[in-house]
Amino acid sequence: MTPRSSRPHLIVALDVDTLAEVEALLGRIGPEVLWFKVGKQLFTRHGPAAVRLLKDHGRKVFLDLKFHDIPNTVAQAVRSAAAIGADLTNVHAGGGPAMLRAAAAAARESGVLLTAVTVLTSMDRAELAAVGLDVEPAGQVLRLACLARDCGVPGVVCSPLEIGIIREACGPDFVLVVPGIRPAGAGQDDQKRIMTPAQAAAAGASFVVVGRPITAAADPAAAARAVLAELA
Ligand code: C5P
């Protein structure tokens, strides 16, 4: 496995409905967490105001909207993500090489870090077959990660169990954003293929995404500190 020298950044997933909940969580988690994820749930209700709120608090934002459209539309969406203040955003690698190249160019020009989603972790072999892909999920993940890299996309979103093979194939500088993280002793919720923060760091994650183990904790600041300690 290719080693990485720096430890992963923690991104806290804000899967909530209201800006008031975001403000409350920021207050409870405290200043130690720099990165937060705004996804479809929060963005569909509140749009750029959700990103602005975090930026006004000096935080960095992963805008997780997984764009998947024709090249021009995705490139313009990536520019829009940068324009509203996103520091990291993503597209579906399944959109193909022309789309990935257009998105990568837009991200470079507008100064936002771009990653690609390979195969949704909710899809198994039968789900892939149902959409006409008679392949093993792991092989498809690797294929799309390498395609993204070859098209100039600097990283991917992947499950903890995929870190090793992608790091091996794509090298130490490829950005790996990894959800499905559960601190030792935490419940699994609906996550199945999980690793602890320490395991994900050892495997080579660049960012780990943690939601409910922090946001639903009795003491979110203590939960976040525990994850940060594991990452160090
Ligand atoms: O609460 P939890 O830690 O499970 O949240 C993880 C976050 O990462 C959620 O926002 C979820 O949608 C996202 N995610 C995931 N698995 C993926 C891709 C994204 O859990 N494969």
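Guide: A helix here is a DSSP run of H or I with at least four residues, and helices are numbered from the N terminus. The model is predicted.

Visitor: In which helix does A129 lie?
Guide: A helix needs a run of at least four residues. The run that holds A129 covers residues 125–130. That run is helix 6.

Visitor: Is A129 buried or exposed, or in between?
Guide: Buried means under 20% and exposed means over 50%. A129 has 39% relative accessibility, so A129 falls in between. The class is partly exposed.

Visitor: How far apart are the C-alpha atoms of A129 and H92?
Guide: These two residues are 37 residues apart along the chain. Their C-alpha atoms are separated by 18 Å.

Visitor: Which residues are around the ligand?
Guide: A residue belongs here if one of its heavy atoms lies within 4 Å of the ligand. From the earlier part of the chain come A13, D15, K37 and T121. The others are P179, R182, Q191, V209, V210, G211, R212 and P213.

Visitor: How do the residues of that shell divide into nonpolar, polar and charged?
Guide: Asp, Lys and Arg count as charged, and Gly counts as polar. On that basis the shell around the ligand has three groups. They are 5 nonpolar, 3 polar and 4 charged.

Visitor: Which strand and which helix each supply at least two residues of the shell?
Guide: V209 and V210 are around the ligand, and the strand in question spans 207–210. R212 and P213 are also around the ligand, and the helix spans 212–215. The elements are strand 8 and helix 10.

Visitor: What is the distance from the side chain of D15 to an oxygen atom of the ligand?
Guide: The pair joins an oxygen atom of the ligand to an N or O atom in the D15 side chain. A polar contact needs N or O atoms within 3.5 Å, so this pair qualifies. The distance is 2.7 Å.

Visitor: How far does a polar side-chain atom of R182 lie from an oxygen atom of the ligand, and what is the value for R212?
Guide: For R182 the value is 2.7 Å. For R212 the value is 2.7 Å.

Visitor: What share of the ligand's accessible area does the protein cover?
Guide: On its own, the ligand has 460 Å² of accessible area. The protein covers part of that area, at 79%.

Visitor: Which pocket does the ligand take?
Guide: The test is whether more than half of the ligand's atoms lie within 2 Å of the grid points. The space taken by the ligand is the largest pocket.

Visitor: Where is the place of S206, and which residue does its side chain contact?
Guide: S206 is in the loop between helix 9 (197–203) and strand 8. S206 counts as buried because its relative accessibility is 5%. A polar contact of 3.2 Å joins its side chain to that of R167.

Visitor: Which residue's side chain is joined to that of D64 by a polar contact?
Guide: D64 is in strand 3. At 8% relative accessibility, D64 is under the 20% limit and therefore buried. The polar contact is 2.7 Å, and the partner is N90.

Visitor: What is the phi of K66?
Guide: Most residues other than glycine have a negative phi. K66 lies in strand 3 (residues 60–67), and its accessibility of 24% makes K66 partly exposed. K66 is not glycine, yet its phi is positive, near 45 degrees.

Visitor: What is the phi of D189?
Guide: D189 lies in the loop between strand 7 and helix 9. At 46% relative accessibility, D189 is partly exposed. Its phi is positive in a residue other than glycine, near 50 degrees.

Visitor: Is A184 buried or exposed?
Guide: A184 has its place in the loop between strand 7 (175–178) and helix 9. Its relative accessible area is 63%, over the 50% limit, so the class is exposed.

Visitor: By what distance are the C-alpha atoms of Q188 and R212 separated?
Guide: Q188 lies in the loop between strand 7 and helix 9. Q188 is partly exposed, at 40%. R212 is 24 residues away along the chain, and the C-alpha separation is 9.6 Å.

Key:
Residues numbered from 1 in each chain as written. Predicted model: local features only at pLDDT ≥ 70, side-chain atom pairs only at ≥ 80, totals over all residues. Heavy atoms only, no water. Polar contact = N/O pair within 3.5 Å; in protein donor to acceptor, adjacent residues only side chain to side chain. Areas by Shrake-Rupley, 256 points an atom, 1.4 Å probe, with all protein chains shown as cover. 1 Å grid on protein atoms, 1.4 Å probe; cavity = no way out; pocket = protein on both sides within 12 Å on 5 of 7 lines; lining within 4 Å. Buried < 20%, exposed > 50% of the residue type's maximum accessible area, 1.4 Å probe, protein only.
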